[in-house]
Amino acid sequence: MGFLDRILLLDIFDGLWVTAKHFVRPADTVEYPEARREPSDRFRGMFKLDEERCIKCTLCAIECPIAIIFIDWHNEKNEQGKNEKVLDRFDVDLKRCMFCGLCEDACPTVPKSIWLKTKSYELGAYERNDALYLDIEKLTTWDIKQGLTLPPAPGEPKKKDEKKDEKKEEKKEEKKEEKKEEKKEEKPA
């Protein structure tokens, strides 16, 4: 750093220039929880398990690089007299999960029986183990308890009704935004 730089403080003006550029941009603020941002399609959110689709192959537990998926099952005879696998335990320890998605990739069922792309990022809880250690019940019903509608599992086609519902929701959101803008315009007058 030269003598002239010390006197003129050019670094400060560089920083102020960056600040000034951002000062004139429109704000990109979302008033959460009234308005929520939709995560991108590649976002890896909360786990979801479909117990009916699961074939109890344990490939997801085998593929997990840090061994956080615990699966126990036993055989039972069904009405036809055939052996059928029944899940005793399907636990995921989210405290150590790195959300790599290898468990989802290893699942051989189509559509997937376990998937990460649920687009849910609201995982707050008052007790650490309530939210970070998931058993079968939590993996299958957490979205219902929170009142969320999840996108379909990877490989599962969208239903026509869901597409219509999405369009209706988008129109409702647009109307809400228009009302908010009208209210903002009325306030200064």
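**Close-up views of the predicted model**

**View A. Arg 37 and its salt-bridge partner, Asp 28.** Arg 37 counts as partly exposed, at 44% relative accessibility. Buried means under 20% relative accessible area, exposed over 50%, and partly exposed in between (1.4 Å probe, protein chains only). The model is predicted: local features need pLDDT of at least 70, side-chain atom pairs count only at pLDDT 80 or more, and totals for chains, interfaces and linings use all residues. Residues are numbered from 1 along each chain as its sequence is written, and side-chain values use heavy atoms, with hydrogens and water left out. The side chain of Arg 37 meets that of Asp 28 in a salt bridge at 3.0 Å, N to O; the term requires a side-chain nitrogen of Lys or Arg within 4 Å of a carboxyl oxygen of Asp or Glu. Asp 28 is exposed, with a relative accessible area of 64%. The structure holds four salt bridges.

**View B. The salt bridge between Arg 53 and Asp 50.** The closest N and O atoms of Arg 53 and Asp 50 are 3.2 Å apart. Arg 53 is partly exposed, its relative accessible area being 21%.

**View C. The charged network around Arg 89.** Arg 89 and Asp 91 meet through their side chains in a salt bridge of 2.8 Å, N to O. Asp 91 is buried, with 9% relative accessible area, whereas Arg 89 is partly exposed at 29%. Asp 72, Arg 89 and Asp 91 are joined into one network by salt bridges that share partners.

**View D. The open sheet of three strands.** The strands stand in the order 2-3-5, and their pairing is antiparallel. Strand 2 (69-77) and strand 5 (133-134) stand at the edges; each has a single partner strand, so one side of each is left without a neighbour in the sheet. Strands (E, at least two residues) and helices (H or I, at least four) are DSSP runs, numbered from the N terminus, and two strands pair if DSSP finds at least two bridges between them. Strand 3 (residues 83-93) pairs with strand 2 over nine bridges and with strand 5 over two bridges. At the pairing with strand 5, Asp 93 stands opposite Tyr 133.

**View E. The hairpin of strand 2 and strand 3.** Five residues lie between the two strands, and Gly 81 in the turn has a positive phi of about 90°. Lys 77 stands opposite Asn 83 in strand 3. Glu 76 has Glu 84, also in strand 3, as its bridge partner.

**View F. A nonpolar patch on the surface.** The patch is formed by Phe 3, Leu 4, Ile 7, Leu 8, Leu 9, Leu 10, Ile 12, Phe 13 and Leu 16, with about 940 Å² of accessible area together. Helix 1 (3-8) and helix 2 (10-23) each supply at least two of its residues; Ile 7 lies in helix 1. Patches are made of residues with over 30% relative accessible area and no salt bridge, like charges being joined within 9 Å and nonpolar side chains (Val, Leu, Ile, Met, Phe, Trp, Tyr) within 5 Å. Accessible areas come from the Shrake-Rupley method with a 1.4 Å probe; for residues, only the protein chains shown count as cover.

**View G. A patch of negative charge on the surface.** Glu 169, Glu 170, Glu 173, Glu 174, Glu 177, Glu 178, Glu 181, Glu 182, Glu 185 and Glu 186 gather here. Glu 173 lies in helix 7 (residues 160-186) and is partly exposed, at 47% relative accessibility. Asp and Glu count as negative and Lys and Arg as positive, with His and the chain ends not counted; a charge is placed at NZ of Lys, CZ of Arg, CG of Asp or CD of Glu.
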